[in-house]
Every structure is written in structure tokens, then in C-alpha cells.
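Welcome! Take a moment to turn the structure around on your screen, and then we will look at its pockets and at one of its helices.

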Amino acid sequence: MQPIPLRAEQIRFFETFGYLVLPGMLADRTDEMIRNFEDVFAANGGGHHGRAHDGKVRSAIVPFIDQHDGLCSLLDDPRIVGVATSLLGEDFNYLSSDGNYYVGDTPWHSDGWHQNLGHLKIAFYLDPLTRDTGALRVIPGSHVHGDQYAESLTPLLSDPKKKLGLEGRDVPAVAMETKPGDVAVFHHNTKHAAFGGSQRRRMFTMNMSQRYPDDRLHELKEGLATYSRFWLDRIYGERMIKTAGSQRMRHLEQVMANDGHLAELSRKARETMKEPARA
């Protein structure tokens, strides 16, 4: 099937503000995604690193969608592919995924700070979330590399109480309130946080980027190296590759060709870490 592209005004909104909410876009797959999500966690001991989720700290599984055929197929869904191609180009890279039981608040941060190369996260929240019950909050326009306002936020938000006289939850922001079936998209640079969430807030993501030009492949390799904190020998799980058709492989090939250094880095990480990272 052909990708279903975003509308021109949706693309402009994302480029201007660094985020986008697509209400009900995957409503027809909601029940399936919830079942698949719970199946992956059950197959991994119910929480982080093979242990049941205790409701005290975040549990994370990386890679996540790679561990279930149904979730892998999201990378073939024309609506998801349409989002990625509209914002990153037809030869976009699928980078990774994570599945989470979130706990409580998440402080302000960016997932990266990329210059002149688009990176985005597509997030699927499997519980209804409002501003005060853990919905993602974003600061519009905070994604623009080199912009004075956007650049100033990193030091300010490192300690908003001290530097702005505000609790983190009181920083002016937009709450991306969602219900299951909605899709949330945001630039990796975008400052985001969440407050008031439950002890078992279900969410999984897909991370994507523009294809790296040959003269910047060293940046891709450096980014992939950071996944050693999750103790991965390769970025993708076996199912993701095994179930891939030619169209999906287009979005996997560049990462697969550049993650050969990860196994040794992960071996070293296992020597110094008690468990894989939770974030």
C-alpha cells in the first residue's frame, strides 16, 4: 500500500512547533496494540530486565516493537509510513523502539539535539492521559537548533525552580492530551516532560531519522553506540528483520550497515552496569 501523507498544514505545524497530535489515527488497531504490548512485557518477565514491574521506577524494554510480529508491522502501516515520509523523506531510517511502564513525573528534557538532520519520535499512549495525569507536555518551538530561545531552554530547564522560580509542572507548555488510538509525534530536540502520571503508564515509541549522508555516517555510528547502555548486540531484534519485506528493509538497511561496533561496546557496558538502562 502507498503511504498516506500528512497534509501540508500538518507538516508546517510540525516544522514550526516541533510536535503534532493525530487523534484517532490508529483507533482501528488500538485493541491489537494493547494486547501485543502486554504480550511483550509478559514474555520479558513483566517489567525491567526480566523482573516484574514494581510501580516504583520506570520499566523499559529495548528494542520493543521488534519483539512482536504485529508491532513490527506498524513500520509497514501506510499511516505511520506516511508520517515518516512526510517529515523525513521517503528513505527515512527506523532507528529503534522502546516499550515502557512509566512511573510518576518525567522532568524536562530533549531526546537529542540534532543539527540539520531530522529526528522524530512517534509515541503510542495506551491509557487516556490528561494534563494532570501524565500527558506529554511540550514547549512549542523548542526544537529549532541555533535559535536563541530554543538554545536558552536547556540550562533553564535543568533546574526550573532555581532558575525560573517555577516547579517543573508550572513551566508554560502545551499538554498533548491523548487517548488510545491517538498518535503523538515530536522532534527529538523538542523539550518535553510529564507530570502526575500513574505508576503503570503504558507507552511505546518508534524513533526515526532522515537518512544520513555518507559524510555524516560517523554521527550515525556515534548515535548507535549510545544503545550499548541497553546491552544490545545489534539495534534490531530478529523478528523485525525476519518479517521485513523490501519496503521495510529500505528503512533498516543503513542502520544495519553501521551498528557492527555495538556488540563490543555492550560487552563493556555489562561489566560496569548492574542492569540495562531504563531510559
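What follows is a short tour of two pockets and one helix in this predicted model.

**The two pockets**

A general idea helps at the start: rolling a probe the size of a water molecule over the atoms shows where empty space is left. Here is how two pockets look by volume and by the classes of residues in their linings.

| Pocket | Volume | Nonpolar lining residues | Polar lining residues | Charged lining residues |
|---|---|---|---|---|
| Largest pocket | About 830 Å³ | 18 residues | 13 residues | 10 residues |
| Second largest pocket | About 300 Å³ | 4 residues | 4 residues | 4 residues |

The largest pocket is lined by 41 residues, and D111, H188, N207, Y227 and R229 are the closest to its centre. Several elements give two or more residues to this lining, including the strands β3 (93-102), β5 (119-125) and β10 (201-209), and also α7 (217-225).

Which residues line the second largest pocket? They are M1, Q2, P3, L75, D76, V81, T85, E90, Q247, R248, R250 and H251. Two helices, α4 (78-88) and α9 (246-250), each supply at least two residues of that lining. The largest share, 3 residues, comes from α9.

**One helix and its buried side**

Now look at α11, which spans residues 262-272 and has L262, S266 and A269 as its buried residues. These residues lie on the same side of α11 because they cover an arc of only 55° around the axis. In general, an α-helix has 3.6 residues a turn, so residues three or four places apart point the same way.

What do the buried residues of α11 pack against? Their partner is α7, the helix that also gives residues to the lining of the largest pocket.

Technical notes:
Residues are numbered from 1 along each chain as its sequence is written. This is a predicted model: local features need pLDDT of at least 70, side-chain atom pairs count only at pLDDT 80 or more; totals for chains, interfaces and linings use all residues. Side-chain values use heavy atoms; hydrogens and water are left out. On a 1 Å grid over the protein atoms alone, a cavity is a set of points where a 1.4 Å probe fits but cannot get out, and a pocket is an open set with protein on both sides within 12 Å along at least five of seven lines; lining residues have an atom within 4 Å of a point. Grid points are joined across faces, edges and corners, and a volume is the space filled by probe spheres set on the points. Helices (H or I, at least four residues) and strands (E, at least two) are DSSP runs, numbered from the N terminus. Ala, Val, Leu, Ile, Met, Phe, Trp, Tyr, Cys and Pro count as nonpolar, Asp, Glu, Lys and Arg as charged, and the others, Gly among them, as polar. Buried means under 20% relative accessible area, exposed over 50%, partly exposed in between (1.4 Å probe, protein chains only). The arc is that of the directions from the helix axis to the C-beta atoms. Contact means heavy atoms within 4.5 Å.
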